[in-house]
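Here are my notes after a pass through this one. Have the structure open while you read; the points go interface by interface and finish with a single helix.

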Amino acid sequence: MEKIHTTCVYCGCGCGLFLHVEGDRVVGASPSPGHPLSRGRLCIKGWLAGEFVGHPDRLRYPLIKRGDRRVRATWDEALSLVRDRFLKVKEAYGPDAIAVLTSAKGTNEENFMLMKLARAVLKTNNVDHVARLCHAPTVAGLSYAIGSGAMTNPIESLLESEAIMVVGSNTTEQHPMVAATILEAQSRGAELLVFDPRRTQIAAQADIHLTPAPGTDVAWINGLLNVIIEEELIDEVFIRGRTQGFELVKEAASCYTPEVVESITGIPPHLLRAAALSYGAAEAASIVYAMGITQHTAGTDNVQALANLALATGNLGREGTGIYPLRGHQNVQGACDMGALPDLLPGYQKVSDPRKIETFEEAWSVDLPRAPGLTAVEILEAAEEGSIKAIYISGENPLMSYPDRDSVYKALKALDLLVVADIFPTETTRLAHVVLPVASFAEKDGTFTSTERRIQLISKAVSPPGEALSELDVIFDLMKRLGAPYRSLSPAEVMEEIASLNPHYGGIRYRRLGIDGLQWPCPDEDHPGTGILHREAFPIGRARFRPVFQKELHESPDEDYPFLLITGRTLYHFHSGSMTRRTSLLDREVPGPVVDVNPDDAGRLRIRSRQRVVIESRRGRLEVEARIDPGLMPGILYLPFHFSEAPANALTARALDPASRIPAFKISAVSMRRA
Amino acid sequence: MSEYIPMQAEIEDIDRVTSDTYLISLHILEGKGLSYRPGQFIMVSVFGLGECPISIASSPTRDTLQICIRRAGRITSGIMDSRIGDVLGVRGPCGNGFPLERMGRDILIAGGGSGFATLRSLVNYIVDRRRSFGDVTVIYGARTSQDLYFMQEYKGWQMAGLSVGITVDVGDDSWTGNVGMVTSLLDRLEVSVGSAAICGPPVMINSVANTLLTMGFSNSDIYISLERHMKCGLGKCGHCNIGPHHVCQDGPVFSYDRVRSLLESL
Amino acid sequence: MMIAFLSNNEMVPLIEALAKRLEVIAPVLSGGQPVFATWNGQELALDAENPLSSPLEFLLPSREALFRYVQLSGRYTFEEPSLPARLILGIRPCDLFAVEVLDRIMTEEPCDQAYLGRRRSTVLVALNCTRPGSECTCAQMGSGPGCVAGYDLALTPLGDGYLVESGSPAGVLILREHPQFFREASNEEIARKEALLAASREQMIMVRPDLSLQSMQEAISAADWERLGDLCLRCGGCSFICPTCHCFNVLDLGVPDGERIRCADSCILSGFSRMTSGANPRATQGERLANWYRDKFVYMPEKIGLPGCVGCGRCHRVCLARFDRRKLEALP
């Protein structure tokens, strides 16, 4: 038996673990006591992270669509077909009829090379990934406000906080290691403030739990700032020395008195005040947030509102302060860092900046497209309309994870070429013209970048099943077939190329990573990496305040659709479930979809626990079992999106945040009745 | 050879019991069949889906091994979707069964819902060994008349001299019998105080047992058959523990005084 | 019993000799940390703290195939996996005690042959603990720091080498077959062993003088289990890491041919006891936690005469939640 040290494949925490390997099979996983964050602990998904690797359902050889079936093919047949169709589409419709969706589950090296495939070989900036559906507003909002969309401090820095504000994050279930750190900070004396319409486990532990009505975040965040200004708890030195634009924000916040906030959000004024005093008076306070903030049509405004709050109180650039956007995939941070974004090159360098793009043109000896490409949801819209004809999807399952499933289906069906590289058959591979079987995290080398900017190694523990290959090798093969002059590189060599083009990663070399990894920015080989960002200055010089105002929701409950549906995840499953539903204990724990219903609503509609109900929105309907949850506000339903038996995204809308193009997964008006 | 390797059993016959319950007759392909007692169970597997505990519904006095399957989870659905001639895996028998040697001649048998399957084994055993027993009463309740198991057998039991009472929770036009709790039957039938065997949902078990206590039954003469999640049937996998006991080895039949002393059992 | 002395520089040659006919499992470094793995000439980590993942996984793996089923015209044949002959070097007294616990549970009738098969083909070379870890309480739980039974050979580090004691015919055989690596132990060395272990014991008791099987039983009766259940982050770590935890799940993978797998399960999970009907005899997290503790400290002593806790401290090291697992109280 061997024990291979690697990095967990689930959420963005980036915990260290050992895979136990016996005869080329993963037979277990255990925590890594020496890991800087997880320190010998794991959540339930981490403990079981090795199980899906050897599942018999794994894709073992390439598949090509013949009629309505997908039949076994050789790699040569599959990749030749991909090449031919790509070239045909490019010739007939131009390069921008092609799009590449990279994967937040892939390595940095794979994301980088897929991005390069799109830009340098296929010649399109239509490259994006699942970050569009989770933290696009963070990248947009925080980049504007403080010059970087990344988590400002290491997770451990929370231990130095006097007050921790957790907003729209079911932390104990979605980022257990962050939750453990927050709760440890609380037992050391930090005050814990939780803002969530659901009484989650962390909400139940909070010193103050506030339950704003969904979609009213700008109002109560401004309300907090208003109280803080009134109570003279702002940090004037910080505002004067390091920011700009406070006056307008102050004016905007003054509209949001506790009474006004109550009328919009339902938060009682005394609780709002208590929370404001706690955050405002703390010597060091931090803000932790997740999808409850971003997945709204006002996602970018929500992020800016939080940034305004942190800037006004000087809670940035020091131990115990900071803004912590929690990334939901183990490498969604890395995929963004690698420039798998339609408007940004690696290191968040703008495609529209001629000097930046020229650097890349020189490095790759090609001309690159200069107009920003389409975002993920727009790519599917364009496919439905017919202007996108070919999509390469790496390890994503849009049919489950994108909003408005019906439209996604139509979009994917309309394509001339859909290539999906994945480890398991999914709802999306069932529509593909070509399915490419690739290695899982246990079957390749590479790096993931965790939510705290920690670049960490993953190590090959076992061989991929059947004929499956590391996706990096597949990309190089495809590049060659498409006539690109790039030779195959090892993951470590790809990192050297990344380091040469992404200044934040300038000093990253495999030999330096060990089990601690390195936190970017790490500009050169002697640099020890950076824990806390913005200590002295912001990358944009002065941080930018921007006034934000509560906006109307794209859709509110009404007579026909009287409930507000929130979608999300559960502790025991991950995303579209292709890994966790093949992990026996996880699947047993939550064997199927369940919608949470407030007891009063349930009583009124005579819905009992475990009863089947029909949920319907303007987009679609589904049938699901109900569970009575006293921790949920009346009028609100909660449905996880992991389950193809009741795909929550049949109900959600494509309403997008104008600034970041994220869909509003957290808000759908629905009706409910007994099945 | 590992006790985890099952015997193979061919499905000989499939009878519909209710709309979602089948009685499946099995023929063990190797060895000389299964030697068991009423109240025991077997681990049944569908290869590829897994294995689960199923109580034996037939009496060892008869040739055919029968199990009663209700569509509940993946494995039971897999069994029900099998056809005559298909092969299932069988391990066992597991558990203790009813302690007939201690139960005396006068026996009350009380079943609720699908819990009646294991009691059928006992009833038919008594019918076949009628002279070893005295006053025997069978009471059984299900949700509706469509949910009643083994309806065509009641008459035979009565002809063998057993007193049989049947009731449903919810009556309908086709049902002319009793409506109400199983315990309501106890008032209407002459029941000799002796020992009792009960299987059904926890609420029903408690209410029958409590009524029996008021009728003069002794705690230690009332036997309950318990249901638990099980994986091995060997007392190793841990799923079925009640305190220090494993239902698969120390049970599934427990005397009521023992059950009550065990934490969290009902 | 045979007693001998193995000097430090004879350790590797001895293992090389043993590895010729057995798979030697030993603490080695991976990612800079000690783990039990197959020894292939790596540097040994016998001085490091006891690896977090216990060597019990080589007797009851967290995942193993019970058998393979192969279908041919509607009938099945079954193939059992072959088991490797192994020697575990450096198993600590706490883990050795856990082996005794598992032996009693798994080989009690009806005997678990899958376990017994591995157990019989495994030689145990124990390593007594002269330097307890910060979470170690084997002295209080009665499992260490020196092992008294259950080993084939027991090593005690004396600085320049190891005192080696045989505890079984298999252990004697190793000493007899490899005389070139051993010399006779002196009385001073035997006395030194006793002194080192006594000091080690004292050190542990000094850190936690009030801890005992009884104090744990009292804490279990007094605990507010629902409150602890609210704090539990449901990682299952305590049950996955505990060397005496042996609960497992069984599942089939593959149609028409495939494997019946058993893998580690956790009574901390609600699905562990939930029945198909949805009813759950242990419905709350508090009840499940209570069951885990009672099983270790109440049920196991009653059933097999040994506590289910060996004092290895691993459940403390992996716990994500915020309660004191020895006092069973919430932290402030």
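**Notes on the interfaces and one helix**

1. Chain A and chain C bury about 3,700 Å² between them, with carbon and sulfur atoms giving 50% of that area. On the chain A side, the residues that lose the most area to chain C are Met1(A), Lys3(A) and Arg588(A), together 18% of what that side buries. Bear in mind that this is a predicted model. In contact terms, 48 residues of chain A meet 49 residues of chain C.

2. Now the polar side of the A–C interface. There are six salt bridges between chain A and chain C. One of these pairs Arg63(C) with Glu51(A), where the closest N and O atoms sit 3.7 Å apart. Polar contacts link 25 residue pairs across the interface of chain A and chain C, counting pairs with both residues at pLDDT 80 or more. Several elements of chain A give two or more residues to the side that touches chain C, including strand E1 (2–7), strand E2 (16–22), strand E3 (25–31) and helix H23 (584–589). The largest share of that side comes from H6(A), with seven residues.

3. On to chain C and chain B. Here 41 residues of chain C are in contact with 38 residues of chain B. The two chains bury about 3,400 Å² between them, and 55% of it is on carbon and sulfur atoms.

4. What about charges and polar pairs there? The rule finds two salt bridges across the interface of chain C and chain B. Arg75(C) and Glu10(B) join their side chains in a salt bridge, at 2.4 Å from N to O. Polar contacts add up to 27 residue pairs between chain C and chain B (both at pLDDT 80 or more). Elements of chain C that each supply at least two residues of the side touching chain B include strand E4 (63–72), strand E5 (75–79) and helix H2 (93–107). H10(C) provides the largest share of that side, five residues.

5. Last, a helix in chain A that I'd like you to look at. Helix H3 (residues 108–122) of chain A has 15 residues, which at 1.5 Å a residue should span 21 Å; its end C-alpha atoms are 20 Å apart, so the two agree. H3(A) does bend, by about 25 degrees at Lys116(A). Just after the helix, Lys123(A) adopts a positive phi of about 70 degrees.

6. Is H3(A) buried or exposed? Because 15 of its 15 residues are buried, H3(A) is largely enclosed by the rest of the structure.

Terms used
Residues are numbered from 1 along each chain as its sequence is written. Chains are lettered from A and ligands numbered from 1 in the order in which they are written. Side-chain values use heavy atoms; hydrogens and water are left out. Helices (H or I, at least four residues) and strands (E, at least two) are DSSP runs, numbered from the N terminus. The expected span of a helix is 1.5 Å times one less than its number of residues. The bend at a residue is the angle between axes fitted to the seven residues ending there and the seven starting there. Buried means under 20% relative accessible area, exposed over 50%, partly exposed in between (1.4 Å probe, protein chains only). Contact means heavy atoms within 4.5 Å. Buried area is the accessible area (1.4 Å probe) that two parts lose on being put together, summed over both. A salt bridge is a side-chain nitrogen of Lys or Arg within 4 Å of a carboxyl oxygen of Asp or Glu. A polar contact is a pair of N or O atoms within 3.5 Å; within protein, one must be able to donate a hydrogen and the other to accept it, and residues adjacent in sequence count only if both atoms are side-chain atoms.
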